[in-house]
Amino acid sequence: MRLKIVFKKLELISVIVPVYNTKSTLERCVNSILAQTYPNFEIILVDDGSPDGAGELCDQLAKQHQNIRVLHQKNAGLSAARNAALKIARGEYITFVDSDDAIAPTMLEVLISLRNDPVRICSFAEVNSKGKSHPMAGALSSKEGPIDPDAVGRQSLTVETCLQRMLLEQGFTMSACGKLYHRDLFKTVQFPVGKLYEDVGTTYRLIMQCPHYVSFIPLPLYEYHQNQGSIIHQAFNFRKLNLIELTDRMCDEINQKFPKLHDVTNLRRMHARFSILRQMVLARPIPSDRTKFDETEQGIIDYLRTHKAWVLQNPHSGKRDQLAMCSLLLGLPVFKLAWKIYSYLK
């Protein structure tokens with residue numbers, strides 16, 4: 001649905017798309033960007049040493065469309081790819097799209113039309129392997145078709161409220177995607193090279209630079225396509241502990257500035273550890289260093305049990321949190337069984 005917006009100035013938006021082993025989904029992603037109703041954007045495709053021919057496809061797409069530029073680099077990871085694109089981005093505003101995802105035709109237009117805040121956010125929809133879309137909790141949806149953005153309440157969130165809703169995943173998440181950023185925010189913030197779960201170490205820092213407000217519209221304009229090759233679905237390796245490291249650092253920094261969010265950050269610390277523990281008990285094979293694996297697993301279990309009140313007595317804790325903690329207190333086999341049942345029912 002075309003928005004009835006008259007733009008005083010068509011600011012250039014740089015859409016950054018890191019590419020690695022996603023040749024089969026890249027055209028879908030790029031086509032969704034090219035279909036935007038907002039006319040003034042560039043696409044920067046960063047071939048991160050992809051071995052599947054995706055880099056060659058990037059070059060083909062660039063030859064077909066003047067607003068596509070391509071960077072080729074040796075494989076260095078998602079953070080390095082994004083950071084490289086930021087150095088050459090020409091746009092006044094920046095947004096990120098993963099190459100196995102897609103965006104709604106109006107995403108750029110809706111976000112650029114929001115209140116003039118340094119960060120502007122929309123909601124997500126998860127798309128399963130059969131193509132069925134499920135808006136995330138807190139997002140609006142309509143079975144009759146697209147919702148008119150003009151009829152949806154655009155929200156101005158204080159930085160503190162934005163962080164709380166992000167940590168609780170109320171309408172949006174910590175993902176760098178589905179957000180529009182003013183380029184000045186990246187003068188002092190980069191994605192952490194060599195780390196998994198890099199968005200956990202970055203998005204909150206960008207939001208905390210906003211002087212007053214963050215704009216949000218609860219429309220699921222970013223389409224997250226479920227991918228069995230994503231980090232969370234891969235067999236466990238010790239690099240996944242980056243999630244705990246980055247989460248604790250984020251929570252420490254948020255607590256320093258917003259001490260009232262203590263319950264929320266405590267719950268987020270528990271979420272990170274539950275996520276890793278779930279992967280450890282469900283995602284085999286076990287690493288060759290079994291002793292380190294067992295010690296790491298026990299350390300996470302001890303932390304969760306020691307701080308069980310952060311879940312059981314937390315006003316923000318949900319049913320899934322309660323189930324995870326209660327099952328763990330009954331023993332690791334019960335925890336494993338509970339997550340198998342939950343994953344099946346989901």
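Biologist: Does cysteine 210 count as buried or exposed?
Modeller: This is a predicted model, in which local features need pLDDT of at least 70 and side-chain atom pairs count only at pLDDT 80 or more, while totals for chains, interfaces and linings use all residues. Residues are numbered from 1 along each chain as its sequence is written, and side-chain values use heavy atoms, with hydrogens and water left out. With a 1.4 Å probe and protein chains only, a residue is buried under 20% relative accessible area, exposed over 50% and partly exposed in between. Cysteine 210 has a relative accessible area of 5%, so the residue is buried.

Biologist: How many disulfides does the structure hold?
Modeller: A disulfide is a pair of cysteine sulfur atoms within 2.5 Å. The number that the structure holds is 0.

Biologist: Which cysteine has the sulfur nearest to that of cysteine 210?
Modeller: Cysteine 210 is in no disulfide. The nearest cysteine sulfur is 7.3 Å away and belongs to cysteine 162.

Biologist: How far from cysteine 177 is the nearest cysteine sulfur?
Modeller: Cysteine 177 is buried, because its relative accessibility is 1%. This cysteine is in no disulfide. The nearest cysteine sulfur is that of cysteine 29, at a distance of 9.1 Å.

Biologist: Which helix gives the most residues to the largest nonpolar core?
Modeller: A nonpolar core is a set of buried Ala, Val, Leu, Ile, Met, Phe, Trp, Tyr and Cys residues joined through side-chain atoms within 4.5 Å. The largest one has 102 residues, and Phe96 and Leu163 have the most contacts inside it. Helices (H or I, at least four residues) and strands (E, at least two) are DSSP runs, numbered from the N terminus. With 9 residues, spanning 262-282 in sequence, the helix that gives the most is H8.

Biologist: Why is the pair of phenylalanine 96 and phenylalanine 186 given its type, and what is that type?
Modeller: Rings of Phe, Tyr and Trp (its six-membered ring) pair if their centres lie within 6.5 Å; planes under 30 degrees apart count as stacked, over 60 as edge-to-face and the rest as tilted. The structure holds 11 aromatic pairs. In this one the ring centres are 5.9 Å apart and the planes stand at 75°, so the pair is edge-to-face.

Biologist: How many residues apart in sequence are phenylalanine 274 and phenylalanine 335?
Modeller: Their ring centres are 6.0 Å apart with planes at 20°, so the pair is stacked. Both phenylalanine 274 and phenylalanine 335 are buried. Because phenylalanine 274 lies in helix H8 and phenylalanine 335 in helix H12 (residues 332-345), the pair ties together parts whose separation in residues is 61.

Biologist: Which residue lies over the face of phenylalanine 191?
Modeller: Phenylalanine 191 forms one aromatic cluster with Phe96, Tyr181 and Phe186. A charge sits over a ring if NZ of Lys or CZ of Arg is within 6 Å of the ring centre and within 35 degrees of the ring normal. At 4.9 Å from the ring centre of phenylalanine 191 lies arginine 82.

Biologist: What is the phi of asparagine 21 near?
Modeller: Asparagine 21 is in the loop between strand S1 (13-19) and helix H1 (23-34). The residue counts as partly exposed, because its relative accessibility is 40%. Although asparagine 21 is a residue other than glycine, its phi is positive, near 55°.
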